[in-house]
Amino acid sequence: MDADASRRQLAAALARVAGGDRRALRIVYQDTSAKLFGVCLRILNDRGEAEDVLQEVYVTVWRKAATFDPTRASPITWLVAIARNRAIDRLRVTAVSRRMEPIEAADAVSDPAPVALERVELTQQHARLAGCLEELEPRHSAAIRAAFLDGITYEELAERMRVPLGTMKSWIRRGLLKLRACLEA
Amino acid sequence: MTDDPTINPAEGNQVLAAEYVLGVLGTEERREVERRLAQEPALAREVAFWEERLGGLADAVAPVPPPPQLWSRINAVISVPPPPVAAPRSSRPSLWQSLEFWRAFGIGAGALATASIAGLTYLGLAPSVAPPPRAPPLMATLGGAAGQPNFVAAITATGDGLVVVPAALLTTDPRAYELWLIPVGETTPRSLGLIEPGQPIKLTIPPDLASRLTPDATLAVSLEPPGGSPTGAPTGPVIAAGKLASL
């Protein structure tokens with residue numbers, strides 16, 4: 001199925017979920033749970049936590065499906081945003097205990113190569129994003145990718161990449177403004 | 001958000017929205033952005049812009065199939081029928097009956113356990129001070145929605161009392177703070193009485209409820225009209241909740 005058809009199908013299923021159709025939620029779950037679980041797992045790095053959050057995500061979808069506006073967002077973007085927000089909030093709660101653990105190898109983020117990005121069929125928009133990220137200084141785009149994928153704070157990013165906090169903030173903010181200009185160009 | 005003098009105010013909102021979507025902000029800042037989103041369409045548009053554009057980065061994450069039983073859990077939560085007192089037209093589970101809701105509050109319980117021991121010692125409840133223990137003391141950390149601990153509750157050595165200590169400086173609210181027990185396997189909250197947001201308080205628990213103060217029972221605090229809930233069930237927002245566990 002091409003991306004457009006799958007997008008339309010998912011948007012239709014969400015509309016049915018908004019109407020209280022549980023079978024439609026099942027369809028949404030079947031189509032998207034592996035992706036969202038991967039996103040949660042990447043952020044939380046703990047299967048149990050990720051499972052709890054994934055459950056919250058679909059219960060949220062069940063309750064909030066009516067707020068999804070297919071004219072403003074793609075269904076998968078909306079779902080990923082819910083999953084990331086839930087996972088990040090959970091991560092902040094557990095952050096205290098996580099910080100006690102040894103910091104993962106710093107080079108975990110120094111490899112920004114978007115391996116999977118090359119494998120998947122990129123939509124035009126995603127290709128654009130990849131292109132604009134390429135134009136940033138490599139360290140800046142690496143920091144932006146790591147922030148998005150791991151959901152960590154400025155402080156943790158700075159610690160991981162071994163730069164002062166102010167430097168990290170500056171990298172990300174300048175990177176984001178440049179990215180915005182490029183995406184809108 | 002933007003302490004960088006070279007970023008102008010217009011860019012400031014763009015950056016804040018991007019920071020929110022990126023996930024680099026702390027919990028307080030995230031809640032602040034969410035509050036503003038409801039009132040500032042321009043900021044909401046910026047967040048939508050970034051969610052749409054940065055969403056592609058998630059393609060770099062390999063899909064991982066969740067365990068098969070997870071759908072059953074979700075299905076169970078969304079299948080809970082509305083309580084009899086709720087509006088009959090709604091097919092959605094009420095907040096109070098939602099397992100997910102309680103789970104959201106239950107997380108992080110125990111995070112303060114170590115810090116709480118000091119408080120319990122002060123109250124003469126710590127294991128070293130208590131008479132020969134018959135069972136490990138039960139306690140609960142009642143966290144707010146963001147996971148911050150708001151109260152610590154501990155069962156007294158005699159088993160028929162509950163000491164509730166404020167663990168955070170709560171915004172003073174003129175409403176009454178009412179403590180509820182949701183026993184294991186039940187969904188109906190039972191009132192344990194009113195507590196104080198500013199000072200420790202000891203509640204005497206009636207025998208029929210005392211026997212239900214077991215591990216994994218949920219304690220929750222809601223805001224109610226002066227004097228407590230007029231209906232016998234929580235009517236106001238829940239500001240803290242947590243599960244009882246052995247120390």
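**Aromatic pairs and a chain interface**

Over all chains, the count of aromatic pairs comes to four by the rule used here, and I should say at once that we are looking at a predicted model. Let me take one of those pairs, A:Tyr29 with A:Tyr58, which is edge-to-face, with 4.9 Å from centre to centre and 70 degrees between the planes. Because A:Tyr29 belongs to helix H2 of chain A and A:Tyr58 to helix H3 of chain A, this pair ties together parts that are 29 residues apart in sequence. A:Tyr29 counts as buried, since its relative accessibility is 7%, and A:Tyr58 is buried as well, with a relative accessible area of 0%.

A second example is A:Phe68 with A:Trp78, where the ring centres are 5.2 Å apart and the planes stand at 50 degrees, so the pair is described as tilted. Here too distant parts of the chain are linked, because A:Phe68 sits in the loop between H3 and helix H4 (75–100) of chain A, while A:Trp78 is in helix H4 itself, ten residues apart. Both A:Phe68 and A:Trp78 are buried.

Which residue of chain B forms one aromatic cluster with A:Tyr29 and A:Tyr58? That residue is B:Trp71, and with it we can turn to the interface of the two chains.

The contact takes 67 residues from chain A and 60 residues from chain B, and the area buried between the chains is about 5900 Å², with 59% of it given by carbon and sulfur atoms. Seven salt bridges are found across this interface, and A:Asp89 forms a salt bridge with B:Arg30 in which the closest N and O atoms are 3.0 Å apart. On the side of chain A that touches chain B, helix H2 (residues 22–44) gives the largest share, twelve residues, and the residues of that side divide into 35 nonpolar, eleven polar and 21 charged.

Finally, I would like to look at the backbone of chain A. Most residues other than glycine have a negative phi. A:Asn45, however, has a positive phi of about 60 degrees although it is not a glycine, and A:Asn45 is found in the loop between H2 and helix H3 (47–64). A:Arg162, also not a glycine, has a positive phi of about 55 degrees, and A:Arg162 lies in the loop between helix H8 (154–160) and helix H9 (165–184).

Are these two residues buried or exposed? A:Asn45 counts as exposed because its relative accessibility is 51%, and exposed means over 50%, while A:Arg162 counts as exposed at 66%.

Conventions:
Residues numbered from 1 in each chain as written. Chains lettered and ligands numbered in written order. Predicted model: local features only at pLDDT ≥ 70, side-chain atom pairs only at ≥ 80, totals over all residues. Heavy atoms only, no water. Contact = heavy atoms within 4.5 Å. Buried area = accessible area lost by both parts, 1.4 Å probe. Salt bridge = Lys/Arg side-chain N within 4 Å of Asp/Glu carboxyl O. Helix = DSSP H or I, 4+ residues; strand = E, 2+ residues; numbered from the N terminus. Nonpolar A, V, L, I, M, F, W, Y, C, P; charged D, E, K, R; others polar. Buried < 20%, exposed > 50% of the residue type's maximum accessible area, 1.4 Å probe, protein only. Phe/Tyr/Trp six-rings, centres within 6.5 Å; stacked < 30°, edge-to-face > 60°.
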